Amino acid sequence: MKKFDLNIEKVLEHWTIPHALREIIANALDESILTNTKEPLIYKDEDNKWHIKDFGRGLKYEHLTQNENMEKTDNPDKVIGKFGVGLKDAMATFDRRNVEILIQSKHSDITIKKLSKGDFDDVVTLHAIVNEPTHPNMIGTDFMFTGLKDGDIEKAKDFFLLYSGEKTVEKTKYGELIENKKNRSRIYVNGICVAEEDNLLFSYNITSTTKKLRQSLNRERTNVGRSAYTDRVKSILLECNSPTFAEKLVDDLQRIQTGNYHDELQWIDVQLHACKILSSQEKVMFLTAYDLIDDGKYLSYAKEEGIRIITVPDSLANKLETSKDLNGNEFRNLETYALEWNEQFEFDIVNVNKLTTKEREIFNYKDIITSWFPKKNNPVKDIVISETMRPDNYTGSDALGLWEPSTKRIIIKRSQLKNIRSFAGTLVHELVHAHTNTDDNTIEFESELTEMLGKLSNLILDNSVPTKPKSRLRRLLNI
């Protein structure tokens with residue numbers, strides 16, 4: 001028998017038995033990874049003693065020293081442990097909590113006991129008692145516990161992603177995105193929980209650590225500050241591209257207006273990334289709350305087509321206007337959808353012979369009305385009637401008339417033939433567009449329309465005075 005002084009200077013008094021068991025499980029998992037052996041066993045035998053057994057190289061008493069484990073330090077993104085402190089802290093906790101422990105390997109059998117320190121009988125410290133191995137041909141290390149409760153084991157296992165029952169949504173080069181089903185958000189580092197968050201949408205397992213994060217992994221492995229892992233969480237999010245990830249994030253995105261959203265949505269580049277994924281995988285349209293207020297025709301058409309409407313904050317909407325999705329396509333908003341819809345729209349042109357007698361009578365005034373405009377360089381080649389019209393770009397309702405430069409024709413909605421006033425007003429409006437090449441809601445168009453109204457007023461007033469010669473009237477109108 002050999003006595004090995006563990007030299008534990010500071011005892012973590014707040015540690016519970018599950019905290020101590022966590023260290024044993026972590027060491028077993030590390031050994032499994034470093035030796036490429038099978039997953040450790042955690043089980044209770046017929047004598048109600050719990051075991052944690054790995055299948056590695058076997059624990060030696062030298063491993064109970066407090067030196068940094070260079071093998072683990074050289075593999076920071078593979079293993080959980082780093083220092084030889086965790087095992088000693090665990091053994092001190094077991095002693096303080098009255099849990100008996102027996103460690104068996106091919107190298108030795110080890111138990112713990114409080115003994116006097118060397119020649120100083122009045123100083124009692126915790127020692128490892130090292131005996132010859134009971135099983136010299138044993139593979140791995142077996143930690144055997146007496147006095148454990150089943151709940152202690154379950155709580156200890158819950159520190160680990162492997163035993164948590166949580167589902168991995170997606171793996172990236174920086175770590176794993178974990179589905180949050182237990183109403184808790186966790187940050188794992190190489191599979192062990194180092195922090196819990198109140199308002200994250202997902203949990204995360206960081207497998208590619210930064211220097212800042214490694215320095216923040218304290219002896220207790222808990223309560224690591226958010227600033228230490230924020231960069232890696234963000235990197236994981238920006239590497240993800242699965243539908244499940246995008247769906248959950250976009251659903252949460254729509255809660256921004258109410259303030260009831262998760263912390264991942266504070267990053268606008270994460271918002272943008274989720275929209276890129278969703279837009280690449282299904283037909284969606286991104287609108288602001290202001291866009292939804294009008295609820296015009298184009299919005300109705302989009303809903304009829306089965307296009308999914310996603311509400312986004314103004315700041316993100318501005319980003320979407322200058323970005324493209326993962327397929328290289330522009331994001332669909334009301335403006336781009338209107339262009340899409342108009343390009344696909346087909347007018348239902350009505351043959352003049354199909355008009356009613358009254359409609360034909362009103363339609364025949366078109367020649368008189370067009371004669372009020374300059375004949376020289378007349379851009380209008382045809383005037384037609386349509387049953388259906390595209391929505392205009394301002395009210396969202398069906399346009400009453402349309403000047404189509406590509407075909408050099410004016411299209412009037414059939415309903416405008418109900419009387420001469422409706423037809424003439426619409427035709428004059430479109431003729432001004434055609435002759436001036438100006439758009440609605442512009443100063444140029446308003447100016448040209450005002451001038452035309454003045455000319456028409458002169459025409460009406462002159463026609464109301466029979467003695468005035470018609471030639472003078474035409475000179476006033478410049479026609």
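Is Asp 158 buried, partly exposed or exposed? In this predicted model, Asp 158 turns out to be partly exposed, with a relative accessible area of 22%. The cut-off for buried is under 20%, so Asp 158 does not count as buried. Its salt-bridge partner is Arg 184, and the closest N and O atoms of the two are 2.9 Å apart. Arg 184 sits in the loop between strand 9 and strand 10, while Asp 158 belongs to the loop between helix 4 (150-157) and helix 5 (161-164), so the pair ties together parts that are 26 residues apart in sequence. Unlike Asp 158, which is partly exposed, Arg 184 is buried, at 16% relative accessible area.

Now for the overall picture. The protein has 479 residues, and 47% of them count as buried. Its secondary structure adds up to 18 helices and 17 strands. The accessible surface comes to about 25,900 Å², and carbon and sulfur atoms hold 47% of that. Of the contacts with a separation of 6 or more, 66% are between residues 24 or more positions apart.

One part worth a look is an open sheet. Five strands make it up, in the order 8-9-12-10-11, and the pairing is mixed. Strand 8 (168-171) and strand 11 (192-197) stand at the edges with a single partner strand each, so each has one side without a neighbour in the sheet. On average, and with direction ignored, neighbouring strands here are turned by 20° against each other. Helix 7 (residues 226-239) packs on this sheet and touches strand 8, strand 9, strand 10 (185-189), strand 11 and strand 12 (203-206). The direction of helix 7 makes about 100° with that of strand 12.

At one edge, strand 8 and strand 9 (residues 175-178) run antiparallel and are joined by three bridges. Thr 168, for instance, has Ile 178 in strand 9 as its bridge partner. At the other edge, five bridges link strand 10 to strand 11, again antiparallel. Val 189 stands opposite Ile 192 in strand 11. Two residues lie between the strands of this hairpin, where Asn 190 takes a positive phi near 50°. Although strand 11 is an edge strand, five of its six residues are buried, which leaves the strand mostly covered.

Back to the charged pairs. Side chains of opposite charge can pair when their charged atoms come close. The structure holds 22 salt bridges. One of them joins the side chains of Asp 263 and Arg 226, at 2.8 Å from N to O. This pair links distant parts of the chain, 37 residues apart: Asp 263 is in the loop between helix 8 (243-253) and helix 9 (268-281), and Arg 226 is in helix 7. Asp 263 is buried at 14% relative accessible area, whereas Arg 226 is partly exposed at 32%.

Another salt bridge pairs Glu 305 with Lys 283, with the closest N and O atoms 3.4 Å apart. Glu 305 lies in the loop between helix 11 (297-304) and strand 14 (308-311), and Lys 283 in the loop between helix 9 and strand 13 (284-287), so parts 22 residues apart in sequence are tied together. Glu 305 is partly exposed at 37% relative accessibility, and Lys 283 is partly exposed at 45%.

Finally, the surface also carries a nonpolar patch formed by Tyr 365, Ile 368 and Ile 420, with about 260 Å² of accessible area together. Ile 420 belongs to helix 16 (residues 420-436) and counts as partly exposed, at 37% relative accessibility.

Note on methods
Residues are numbered from 1 along each chain as its sequence is written. This is a predicted model: local features need pLDDT of at least 70, side-chain atom pairs count only at pLDDT 80 or more; totals for chains, interfaces and linings use all residues. Side-chain values use heavy atoms; hydrogens and water are left out. Two strands pair if DSSP finds at least two bridges between them. Helices (H or I, at least four residues) and strands (E, at least two) are DSSP runs, numbered from the N terminus. Axes are lines fitted to C-alpha atoms, for helices over the stretch in contact, and angles run from 0 to 180 degrees between N-to-C directions. Contact means heavy atoms within 4.5 Å. Patches are made of residues with over 30% relative accessible area and no salt bridge: like charges are joined within 9 Å, nonpolar side chains (Val, Leu, Ile, Met, Phe, Trp, Tyr) within 5 Å. Accessible areas come from the Shrake-Rupley method with a 1.4 Å probe; for residues, only the protein chains shown count as cover. A salt bridge is a side-chain nitrogen of Lys or Arg within 4 Å of a carboxyl oxygen of Asp or Glu. Buried means under 20% relative accessible area, exposed over 50%, partly exposed in between (1.4 Å probe, protein chains only).
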